[in-house]
Amino acid sequence: MIDTLLGRAGLKERIEELEAELAELEAERDRLQEQLDAAEDRRADAVSDRQDAQERVNRLEDKVTQLEDTVERLRDEDNEISFRSIDEVRGRRLGRILDRLESFEAREEEVFTTMVEGHASSATRDAFGERAALVERASPCLAITDDEGLLSVALRPPVAPEPFEKWGERVEIDREWFRPTGRYAVALVRADLFALGEYAGDEQLSAAGFQTDVKGDHSKGGYSQARFERLREEQVRRHLNKCQKKIEERSAEQLLLLGDAEAIDRLETEVDADATGTVDASGKPQPALKKAVRKFFTVRMYSL
């Protein structure tokens, strides 16, 4: 009653109404602030996305400029791009080269290694630039470079791995591609010659072979051409069958099949060879085998 007499009741009601209105306004303010914060976040994300997109555009523009410069430079050159050098390396020198390649270190994804057979991939072309054409010319080869161009070399490993490409901290290389370190067999096969050696690394553990009397080139007179060819083919067939049996009797599981292309083609379907190679090695079986092994494990190195 006193509040009513003094007019306080109306004031209290008004205060309560104002406090309720204030609460609603504060809630609306908080909601609008949340919307504003979300909008700011979206704006920040949009700005960041725009900056990332601009950086990508800049990188692509730089790449296009580099490629245009390369094309223009190649147009202006009078001579075709060529290897800096081509060497045949073997033995200790090859070992020192592999040591040097294995010791090369860089940061993550700065060293590029690829085994190329035929055409270079887009990743290989990007890594080697204008010298990717040389990689294709050296193919099949193990090609190596780095992001600064300090390395630029291609090797033809005798026991080549399957094609691959990899960026890493080191050169991706395996000594087994250049000379097996375990037990392996080498078979030398020609139409009239066979030799089989078993090895442990560089050491020859055993060697054996034989020669077969096979008719040479046909001359006029005597047998007709057709009869001569039939007889020679039969002699070669018997010789290769004997070679196949000797190969299958070997102790070492890994087999390297060397010789002339025709003999290799005919035997390759019958024996499971880990690697093949055409070599020009003739004479007595064991000296011919030694010569063939030396040639096969001689690595061609291209400085790009």
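## Glu-88 and Arg-300

At 40% relative accessibility, Glu-88 counts as partly exposed, since the value falls between the 20% limit for buried and the 50% limit for exposed residues. The model discussed here is a predicted one. Arg-300 is likewise assigned to the partly exposed class, with a relative accessible area of 34%.

These two residues form a salt bridge in which the closest N and O atoms are 2.8 Å apart. Glu-88 belongs to strand E1 (residues 85-89) and Arg-300 to strand E11 (residues 299-303), so the pair ties together parts that are 212 residues apart in sequence.

## Further salt bridges

The count for the model comes to 14 salt bridges. One of them joins the side chains of Glu-198 and Arg-183, with an N to O distance of 3.4 Å. Because Glu-198 lies in strand E7 and Arg-183 in strand E6, this pair links parts that are 15 residues apart in sequence. The burial of the two partners can be stated separately: Glu-198 is buried, at 6% relative accessible area, whereas Arg-183 is partly exposed, at 45%.

A salt bridge within a helix is formed by Glu-234 and Arg-238, whose closest N and O atoms are 3.2 Å apart. Both residues lie in helix H6, 4 residues apart, which is about one turn of the helix. Glu-234 is partly exposed, with a relative accessible area of 28%, and Arg-238 is also partly exposed, with 47%. Elsewhere, Asp-99, Glu-102 and Arg-175 are joined into one network by salt bridges that share partners.

## Strands E9 and E10

Strand E9 (residues 254-259) pairs with strand E10 in the parallel sense, over 4 bridges. Within this pairing, Gly-259 stands opposite Thr-278 of E10. Between the two strands the chain passes through helix H7 (residues 261-268), and the resulting β-α-β crossover is right-handed.

In a regular strand, side chains alternate between the two faces of the sheet. Strand E10 (residues 275-278) shows such an alternation: Ala-275 and Gly-277 point to one face and are buried, while Thr-276 and Thr-278 point to the other and are not buried.

## The largest nonpolar core

The largest nonpolar core comprises 19 residues, and those with the most contacts inside it are Ala-187, Val-189, Phe-194, Ile-247, Leu-257 and Leu-267. Two or more residues each are contributed by strand E6 (183-189), strand E7 (193-200), helix H6 (225-248), strand E9 and helix H7. Helix H6 gives the most, with 4 residues.

Leu-257 illustrates the surroundings of one core residue. Leaving aside neighbours within four places in sequence, Leu-257 is in contact with residues including Ala-187, Val-189, Ile-247, Ile-264 and Leu-267. Its contacts also include Ala-275, Thr-276 and Gly-277, which are residues of strand E10.

## Ala-263 in helix H7

Ala-263 lies in helix H7, the helix through which the chain crosses from E9 to E10. Ala-263 is buried, with a relative accessible area of 4%. Not counting residues up to four places away in sequence, Ala-263 touches Val-189, Arg-190 and Leu-240. Of these partners, Val-189 is among the residues with the most contacts inside the largest nonpolar core.

The separation between Ala-263 and Thr-278 can also be given. These residues are 15 places apart along the chain, and their C-alpha atoms are separated by 9.6 Å.

Technical notes:
Residues are numbered from 1 along each chain as its sequence is written. This is a predicted model: local features need pLDDT of at least 70, side-chain atom pairs count only at pLDDT 80 or more; totals for chains, interfaces and linings use all residues. Side-chain values use heavy atoms; hydrogens and water are left out. Buried means under 20% relative accessible area, exposed over 50%, partly exposed in between (1.4 Å probe, protein chains only). Two strands pair if DSSP finds at least two bridges between them. A crossover is right-handed if, with the strands pointing away from the viewer, the path from the first strand over the helix to the second runs clockwise. A nonpolar core is a set of buried Ala, Val, Leu, Ile, Met, Phe, Trp, Tyr and Cys residues joined through side-chain atoms within 4.5 Å. Contact means heavy atoms within 4.5 Å. A salt bridge is a side-chain nitrogen of Lys or Arg within 4 Å of a carboxyl oxygen of Asp or Glu.
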